[in-house]
Each structure stands twice: as C-alpha cells, then as structure tokens.
Amino acid sequence: MIVKRAELSFFERLYLPTLLGGLKVTARHFFRKKVTMQYPEQKWTVPPNYRGAPYLVKDQVGRTKCVSCQLCEFVCPPKAIRITPPGPAGGSDSGNVEKGPLEFDINMLRCIFCGFCQEVCPEEAIFLMNDYSLTGTSRQEMIYDKDKLLALGGVHQDRIQKWKRKAQEALHQGVAP
Amino acid sequence: MNLEFLLFSALKVVGVFALVMPMIAYSVMAERKISAWIQDRVGPNRVGPQGMLQPLADGIKFLLKEDFTPAHVRKAYFWLAPAIAMVPAFLTMAVIPFGSTIGHQKMVIADLNVGILYTFGIVSLGVYGIVLAGYASNSKYPFLGGIRSSAQMISYELAMGLAVIPVFMLVGDLNLSKVIEYQSNHGWLVLYAPFSFVIFLVSSFAETNRLPFDMPESESELVAGYHTEYSSMKFALFFMGEYANMISASAMMVTLFFGGWTLPWFSEPALSNAWMYGALHIGVFIAKMLAFMVLFIWIRWMLPRFRYDQLMDLGWRRFLPFALLNVLAYAVWLWVRA
C-alpha cells in the first residue's frame, strides 16, 4: 500500500515550530515530579508472592522444620543446596520427628531463585523470602549455612502442625510417639 | 610592552583560566543535572550537598584511571591530539571582553583590532584535534568520526563567518570592544540582525559538536566517535575541550548579539565606586553566558541527531546562500540609508 504523505507547509518545513514544540515538552518535564527512587534509603515494597532468597524456617514451638529428606537438594536446578543427612543418629531435636539435617548449605551465588525447593518441600521448611540484595566480600561468605539460614528465615506460623498431631494420634492409639 | 602591561595581562590570563576551569567542571555537572531533570530523574546527588562536589569526584576519577594507549595507534599523534583539541577553545577566550574596566585595566586579555578574524582563525584550528584523534586512533569508528567532523566544521564555519559580516557592517569595526560599545549606544545587535543570530547560533552548535549536530561522536553509530580509543585524562581533555568550546561560543554570542557586559534597558544601579561597576559588569556577562550554556544543554536533550546528508544539506544549500543573501541585504540597506 502506498501511504500518501501530507505535504509540509513552508512554515512546517522551517523546522523551527517543531523545535519550539520540543522545547516546550522538555521544559514541562524539567519541572515535573521526579520518578527516581533513592535506593538504599528508600526501598520498594516487595510484592507478596516475591521470590527472594530461600531460607529455612522454624515452627512456632521452635522446631527446625526440615527433616533432611533432600528433595530440595535433588530438585535444585543449579545444585545450590547441599544437605548433610544425619545418618543413623537421627539428628532431630524433637520427639517423634526422626530426622533433621546435620548441615544445610545454600550457595547463594548458584541459587537462581526459581522456588523449586519451596515447591517440592513436603514439610514447608524452606521458603523464598523477600531478600533480594545479598552481599558478601568472598565466595565463602555467600554460602549460607544452617544457622544463618534459620536465623534469617525466622518462624513460620504452621497451621497444620503435622508432627504434633501425629504424636497426639499415637498417644490416642496407645502407642509411644 | 612595559612591565605593567605584562603583569596585568598575566593576571587577567590567570583570572580567566581560574574562572573558566571550574566553569567547565560545573557545566558538566549542569549537563548531567539538566539532562536528569528533563528525563524525570534527579541526577547525581551523592557527592557533597545535593551532589555539588560531583565534578571533583569526576576529576579525581579521570586522574586515577589507567591511561591506556592501545598498541595499534600512531603514538605521537595520539598523544598530541587531546592537547590540540583543548588549546583553541581557550585561545578564543583571549579576545572576548568579559567586563568593562577595573581600575584602569580593560577587562579583556587581548584587545585586538581584528578580534573576530582572530577568533575564526583559532576556531578553525579546533578541527585538527578531532581529525588528528581520528587518524591517530587507527581504527574505523574514530576514523569515521574524524572525517565527519572535518566535513561538518568546514561547512558550518563558512556559514558562521558569513553570518557575522552584517554585524560588523553595522558596527564598522572588527574590534569586539567596539561591538559592545555600539550595542550599549544603539541596543542589542540581535534586534538589528536576527537572521545572522539564528545562523550563528545553529552553526555554533555544529562547531561545538553538540546535538543535534554531534556527528563526530554520534554514540549510537560510531561507539564514541573520534575519542573511542582514548581513556583517562586524554579523554578528559577532549571532554573539557568540548565544554570550553561551548563556553567560548556562548561568550561569542553574548558579545556579538546580546550586548556583552552591558545591561540593557535598566539604568545601572548607583554604586559607590568604580570597582563595583567592574565586578557588576563581569557578573552580567557571566550570567548571559550561562543562559546560553543552559540553552546548549537544553537543546541537546531535546533533538535527535541530524542525518549526515541532512547536515551537509543544511550547511551548504540552506545556510550558505541564506547568509550571503543576508550580507547583500544589509549592504543594500546601509547603502540606501547612507
């Protein structure tokens, strides 16, 4: 299709009217409210389903929720998670939970924040939280160990409390939990 | 040529230098701030109060960066080019009267009788720095930048030179102090020669390689144009040269068309002594100059770059004949009036 272009008038071809128009636009923007966010002082609110850094959580009674099943380690695409299972010793700190991780390291330099670990976790023990700017002065520092992950993760208010109920059920049936 | 003359000339040179160098630094700052505001950003605001010490940080950065000379360049010219780009910009400031008198000294470094000819002579040297940089870099983008620059500068210098002829026909003298004297008696020359002013303004945009005529640099096509291969202080010299050029172009426009250091329309305030008048006049001159600097920056952040052939077309086929006609018209007018 041939588009017919309008002939410019002499006045328009002078180029000056458009120039003045442009000056008007830029002058308007000059005085407009600025959109820059002064980052370190001023931070954006992270949306509720944001996928930040993955951290481990404890439940409201203070039990480390991870049972060292290693599903997250298995599913992790960049192999950022390394779990040392407890072996026959068990390693859990509370009653009827059999296992807990001896060590739990996440290499934040490898992590791609995909959220598969959170998705796959049967115990709701790992969550992608709101942190998005992780910094450190060495590679070693960027490998977060269990204590650090738990400290950063905080407490997860568990509404189901699966292991407490199992203990109650066992008691109800007259079996030792 | 006595001792007093030498002493005061040296003082004026140092004074102008001491004033222009910070002005260059702060016009870079102004460039960054104004561009930010036009783009709805806030601009640099971290170094010092409101970012006012940013030029200092820039300067330190340039000094401390590695001064890298690529292996493939033509070394001697490569080192020479930044200096050649920088010097003419400063030389043109020598003839510009930046104030009336302080004591018995005229506030101009060299009160030449052929002020404007000197200016055009020096300005045309400015292109050598860029061409040399393009040639010395020995790689394609700087080379193209250098070629474009030389073509552009030659085309616009002609129009620029022709544009100011009517001004001097009206004044009847090539001395820039006389031009200002004429303007204080008869009013600003921009009112007498508006077309000359428009041509001069546009040409000075081209001469200083500012958008919309920044062909030699044109970041989007030529990486950084003629200074692609430069780093550290050598790059800084090109950068300072560009801003020094802007300052001298602004000063030139103020002198030729906007009355220089004189105050228009207002009667001068009654000040207690002559020294204060001298200071006031310098202040007026700087204020007018800064207004032009802001215009330079403002235009830059508004217009897209001209295409190379459009640039040439504008220079040779529009401005040159128009400037010639302009000269002819004034000649006829003056002849009829006489």
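# Cavities and their linings

Student: Which helix supplies the largest share of the lining of the largest cavity in this predicted model?

Tutor: Several helices of chain B each give at least two residues to that lining, among them helix 3 (75-91), helix 6 (140-171) and helix 9 (194-207). The largest share, which amounts to 7 residues, comes from helix 11 of chain B.

Student: How much space lies in the largest cavity?

Tutor: A search of the whole structure, with a lower limit of 30 Å³, finds 4 cavities. In the largest of these cavities, the space comes to about 310 Å³.

Student: Which residues lining the largest cavity are the closest to its centre?

Tutor: The lining of this cavity consists of 26 residues, which divide by class into 15 nonpolar, 9 polar and 2 charged. The closest to the centre of the cavity are B:Val123, B:Glu207, B:Thr208, B:Asn245 and B:Ser248.

Student: Which helices each supply at least two residues of the lining of the second largest cavity?

Tutor: The second largest cavity holds about 170 Å³ of space, and the lining residues nearest its centre are B:Val16, B:Val20, B:Phe98, B:Phe285 and B:Met289. The helices of chain B that each contribute at least two lining residues are helix 1 (3-38), helix 11 and helix 12 (274-300).

Student: How many residues of the lining of the second largest cavity are nonpolar?

Tutor: This cavity is lined by 13 residues. When they are divided by class, no polar and no charged residues appear in the lining, and the number of nonpolar residues is 13.

Notes. Residues are numbered from 1 along each chain as its sequence is written. Chains are lettered from A and ligands numbered from 1 in the order in which they are written. This is a predicted model: local features need pLDDT of at least 70, side-chain atom pairs count only at pLDDT 80 or more; totals for chains, interfaces and linings use all residues. Side-chain values use heavy atoms; hydrogens and water are left out. On a 1 Å grid over the protein atoms alone, a cavity is a set of points where a 1.4 Å probe fits but cannot get out, and a pocket is an open set with protein on both sides within 12 Å along at least five of seven lines; lining residues have an atom within 4 Å of a point. Grid points are joined across faces, edges and corners, and a volume is the space filled by probe spheres set on the points. Helices (H or I, at least four residues) and strands (E, at least two) are DSSP runs, numbered from the N terminus. Ala, Val, Leu, Ile, Met, Phe, Trp, Tyr, Cys and Pro count as nonpolar, Asp, Glu, Lys and Arg as charged, and the others, Gly among them, as polar.
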